[in-house]
Amino acid sequence: MNDTRSVLLTSAASGVGRAVQQASTLSARDYRFVCISSTSEITNRGENTLPCPPTAERAAFQARTLQLAETMGVCLVVPGRDEDAAALAAVASDLQVRGAMLASGPSQPVLAAYDKAATATALGACGLPIAATAEDVAGAVEIADAHGWPLVLKPRRGNSSRGVRLVWSEEGLHASFRTESDIAQEYLAVSPEDRRSWDGRFPGGQDGEYSLQLLLDCHGREIGHFCSRNTLANGVPLLVETIAEGQVGDLLRQACAALGSLSAWGAWNLQGRRSLDGAIRVFEVNARPTGITGLRAWLGFNELDLLYDALILGHVTSRPKPIQPGLLIDVASFTALEADGHCRTLPAS
């Protein structure tokens, strides 16, 4: 009997793609990856990565993925970027006919996560506590009147903090806001309890960002979650701190209810900050694994195993044990895996 697990991974050289492959090396299971990329420098290196049209060529990208899924048969399809997740969600049923299951779906909540204006309307309407969001200047002014300046401007469809900026006045808002391509959000200040005392090893960054990685089975039931409070620079985690379950208990219940009402399945990442009343307000949702998927696997939460068990095999073989709170991990030191699958270094602060 062949127990090898097949995974079709898009944008394999992305941070998410590398992290998912890293998680596979930390598993007791045997994974076989078919990796694709639209970056010619990647496919020309002779690595085990097949060429694929860019996601912007939507129909061609979908056709290439479906063709490979047809060849592979039963497999888990993992998107390496938000754009990939949005494009593949539209053909999730076509993938299933071929025996492949997308790691996050269905199309409605995936597209709502990809479009940050829709995140506020579609997921906010289901009870998820979303930061106040506007998709035009008039709405942004209303947010400023209610919550004060500055406002955060960001691309409606973007990631890794690219294009994010602050505006401090209505004049600056009019000058900077790009109609149709931007959203405005209230500025969620970092509460004193979440702000770090810097010791010189790190230059500081985006403090106090809560990350909830939530996994759902095909029926929308939770199969596992991982909570951390992260410090980032330019959207990339520098420090990951494991936290007690109770700190995100309300958010976990709200997220399960909201995504469950939309029949969501698979991997979902919610990012937020704690407001002055102690509640966490979400400012971004991603329908995929993240760049610290490998780190989570090293800590005992291997979402690749959990997703494959639930979405492909139809059961959860084992639930992950609660992660010890209070671990502070320097992500930069978690750089590679030895050939035997053991981490080189993972020093705590």
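Below is a set of questions and replies on why parts of this predicted model are described as they are.

Me: What kind of model is this, and which residues and atoms count?
Reply: This is a predicted model, in which local features need pLDDT of at least 70, side-chain atom pairs count only at pLDDT 80 or more, and totals for chains, interfaces and linings use all residues. Residues are numbered from 1 along each chain as its sequence is written, and side-chain values use heavy atoms, with hydrogens and water left out.

Me: Why is α6 called oblique to α7?
Reply: Two packed helices are described by the angle between their axes and the distance between the axes. Axes are lines fitted to C-alpha atoms, for helices over the stretch in contact, and angles run from 0 to 180 degrees between N-to-C directions. Helices (H or I, at least four residues) and strands (E, at least two) are DSSP runs, numbered from the N terminus. The axes of α6 (residues 107–114) and α7 (residues 116–123) come within 5 Å and cross at roughly 130°. Angles under 35 degrees count as roughly parallel, over 145 as roughly antiparallel, 65 to 115 as roughly perpendicular and the rest as oblique. The crossing angle therefore makes α6 oblique to α7.

Me: Which residues make the contact of α6 with α7?
Reply: Contact means heavy atoms within 4.5 Å. On the α6 side the residues are Ala112, Ala113 and Tyr114, and on the α7 side they are Lys116, Ala118, Thr119, Ala122 and Leu123. They divide into 6 nonpolar, 1 polar and 1 charged. Here Ala, Val, Leu, Ile, Met, Phe, Trp, Tyr, Cys and Pro count as nonpolar, Asp, Glu, Lys and Arg as charged, and the others, Gly among them, as polar.

Me: What makes α3 roughly perpendicular to α4?
Reply: Helix α3 and helix α4 (residues 82–89) pack at an angle of about 80°, with their axes 10 Å apart. That angle is why α3 is called roughly perpendicular to α4. Arg58, Phe61, Gln62 and Thr65 of α3 meet Asp84, Ala86, Ala87 and Leu88 of α4. By class, this contact has 4 nonpolar, 2 polar and 2 charged residues.

Me: What makes β3 and β5 edge strands?
Reply: Strands of a sheet pair through backbone hydrogen bonds, either parallel or antiparallel. Two strands pair if DSSP finds at least two bridges between them. An open sheet of 5 strands has the order β3-β2-β1-β4-β5, with parallel pairing. Strands β3 (49–51) and β5 (100–102) each pair on one side only, as edge strands.

Me: How do you know that β4 pairs with β5?
Reply: Strand β4 (residues 75–78) is joined to β5 by 3 bridges, and the two run parallel. Leu76 stands opposite Met101 in β5. Helix α3 (residues 58–72) packs on the sheet, touching β1 (5–9), β2 (31–37), β3, β4 and β5.

Me: How do you know that β12 pairs with both β11 and β13?
Reply: Strand β11 (residues 206–216) and β12 pair in the antiparallel sense over 9 bridges. Strand β12 and strand β13 (residues 236–242) pair in the antiparallel sense over 6 bridges. Ser211 stands opposite Ser228 in β12, and Asn230 stands opposite Val240 in β13. The β11 and β12 hairpin has 5 residues between its strands, and the β12 and β13 hairpin has 2.

Me: Why does Ser11 count as buried?
Reply: Buried means under 20% relative accessible area, exposed over 50%, and partly exposed in between (1.4 Å probe, protein chains only). Ser11 has 16% relative accessibility, so Ser11 counts as buried. This residue is found in the loop between β1 and α1 (15–25), and has a positive phi of about 45° although it is not a glycine.

Me: What makes a set of residues a nonpolar core?
Reply: A nonpolar core is a set of buried Ala, Val, Leu, Ile, Met, Phe, Trp, Tyr and Cys residues joined through side-chain atoms within 4.5 Å. The largest such core has 81 residues, and those with the most contacts inside it are Leu8, Leu76, Leu128, Trp268 and Leu270. Helix α12 (residues 303–312) gives the most to this core, with 7 residues. A second, separate core of 13 residues includes Ala134, Val137, Leu151 and Leu153.
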